[in-house]
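Trainee: Got a minute to go through a model with me? I'd like to talk about the strands and then the chain contact.
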Amino acid sequence: MGKYAIEIKNLTKNYGKNRGVTNLSMAVEEGDVYGFLGPNGAGKSTTIRSMLGLARYQEGEITLLGMNAREHQVEILRQVGYMPSEAWFYPEMKVKDAIRYAADVRKLDCRTESEMLCERLQLDVNKKVEELSLGNRKKVSIVCAMQHKPALFIFDEPTSGLDPLMQAEFFKLVMEYNAKGTTCFLSSHVLSEIKKYCRHASIIREGKLIRTDTVENLTKTNAKHVRLVRDGIEEDFIYRGNLNELLRDLAGHDVSDVVIEEPELEEVFMHFYEEEITK
Amino acid sequence: MVLYKQELKSNLKGFLIWFLVIVGMCFGCILLYSSVESSLSDMGDIFAKMGVMSKAFGMDRLSVATMAGYFATEIAMLHALGGGMFAAILGSNLLCKEEFGHTIEYLAVLPLSRAAVLVQKYLAMVSMLLCFQVIGILCYLGGFAIMGEKISAEHLWTMGVTQFLMMLEIGTICYCVSAFSRKNRMGAGLGIAMIFFAMDILCRVIPAIEDSKYVTPFYYCNATDIFTDVKLSAASIVIAAGVIIISLILTVWHYLRKDLQ
């Protein structure tokens, strides 16, 4: 087992009487691409905000890149590239100002890297940020998170607002940095991108970690979302059995339409949630 | 000091608007003096005998018919009120704008400690208030020179320094309000400035609330008092310093602990 880029022990964070996360523990190995899955309000952002020092947690211990998150916040932030779920910048800034500002605070000259990133993301650096769409603001955020070649990426819902081409380019960049050693931790509620790009993942629901495993094991539920028209009757169900059996069963019927696809994340969650309850 | 420069840059437009409006108006009033001088000399006695109104605005001690009286009772008061309002708007917006403008996740994940954020933003406010006062007073000195009027530079600079302290006190109180809030508190800031201004006028005419002169920062920077050589109240200055220090301690205490969202 390698060293951990992220190590969280018994994290509890509440907002007054409102639940944030409860007794959450997880560890992300250096060099991993780690998915953090959960529906809206599950506690993904609270966990990330606690890691980055935006939220002050009540209990637990967070270690990032071998440093205690409370005691070495500035040094940690120097080595982290963070992309929030909603990217906002000072409205009076141009794109190039927002990017340069992030580099200036780090006292780094990131021009070569930022120019490469802007070119690949097709970002017009002379536009004012207040004129940008969410997708373009996310691109600025990607550049700000990557230009200083950090040791750890933390992305909160990184692909929301990006078109499919840019999503692909974004993950291509993530994989390139990962190949050079950058650990990537990304929260998402899009199962397919976690399945495609992450090696390990955790599932969080209602502030509690339900399961942590390799993505391969987590998605080994065999669950498929099946929609079909059998003998003139529309059916829509989650199938967890052997697909060959399903196909054999369907062969004896008049099937006019069939769609077999990945289940929605919520449906996968239900699977894990039911497991949790029966334990 | 990247954040300090950014704050100066982002507040430059607001600074210029307030400066040009307030100082421009005051400067214009100085230049207008010769054309209103004759009518003011007729009105000087009337203004001095308006009872509590004259007392409230110091016109019972300084005649508006003189340049010093005209400046202290009219122009300097306008400058103080405008400066106080500018300080209030500036201070009440500095910290909470990051949260209501959703830029906090851009700023707070840069390698800057929260203490550094507080220091750089506060220094930016102090710098702008200082510029407002220094350039403003230099403009007024220029105005007097153009008009060929002689006015005590010592009185003028004393006024400038005490008004700067007043602006700093209001700005710091509002900075503290800003640390405790996630919403735009410009209205609250302006309210604080206006209440202090009203308190200064009222405490001069209502004996029952005379002691509130120690509360309002407009009292110790009153230009009529300065131009009539009324001794500066040490208690007021000590209280002002105390208010600034307590506001800063509260700001730091809360901001270092709060959840930024």
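**Strands and the A–B contact**

Mentor: Strand β11 (residues 224-230) of chain A is joined to β12(A) by seven bridges, and the two run antiparallel. Strands here are DSSP runs of E, at least two residues, and helices are runs of H or I, at least four residues, numbered from the N terminus. Two strands pair if DSSP finds at least two bridges between them.

Trainee: Before we go on, what kind of model is this, and how are things numbered?

Mentor: This is a predicted model: local features need pLDDT of at least 70, side-chain atom pairs count only at pLDDT 80 or more, and totals for chains, interfaces and linings use all residues. Residues are numbered from 1 along each chain as its sequence is written, chains are lettered from A and ligands numbered from 1 in the order in which they are written, and side-chain values use heavy atoms, with hydrogens and water left out.

Trainee: OK. What stands opposite A:L228 in β12(A)?

Mentor: That's A:E235.

Trainee: And what is the strand order in that open sheet?

Mentor: β12-β11-β13 in chain A, three strands with antiparallel pairing. β12 (233-239) and β13 (255-261) are the edge strands, each pairing on one side only.

Trainee: How about β1(A), how many bridges join it to β2(A)?

Mentor: Eight, and β2 (residues 18-29) of chain A runs antiparallel to β1(A). A:L11 has A:L24 in β2(A) as its bridge partner. The two strands form a hairpin with two residues between them, and A:G16 in the turn has a positive phi of about 65°.

Trainee: Switching to the contact: how much area do chain A and chain B bury between them?

Mentor: About 2,500 Å², 59% of it on carbon and sulfur atoms. Buried area is the accessible area (1.4 Å probe) that two parts lose on being put together, summed over both. On the chain A side, A:L54, A:Y90 and A:Y101 lose the most, together 27% of what that side buries.

Trainee: How many residues does each chain put into the contact?

Mentor: Chain A gives 27 and chain B gives 25, with contact meaning heavy atoms within 4.5 Å.

Trainee: Which salt bridge does A:R49 form?

Mentor: A:R49 pairs with B:E105, with the closest N and O atoms 3.0 Å apart. The count between the chains is two salt bridges (a side-chain nitrogen of Lys or Arg within 4 Å of a carboxyl oxygen of Asp or Glu).

Trainee: Which elements supply chain A's side?

Mentor: β1 (4-15), α1 (44-52), α2 (73-78) and α3 (95-105) of chain A each give two or more residues. α3(A) gives the most, with five residues.
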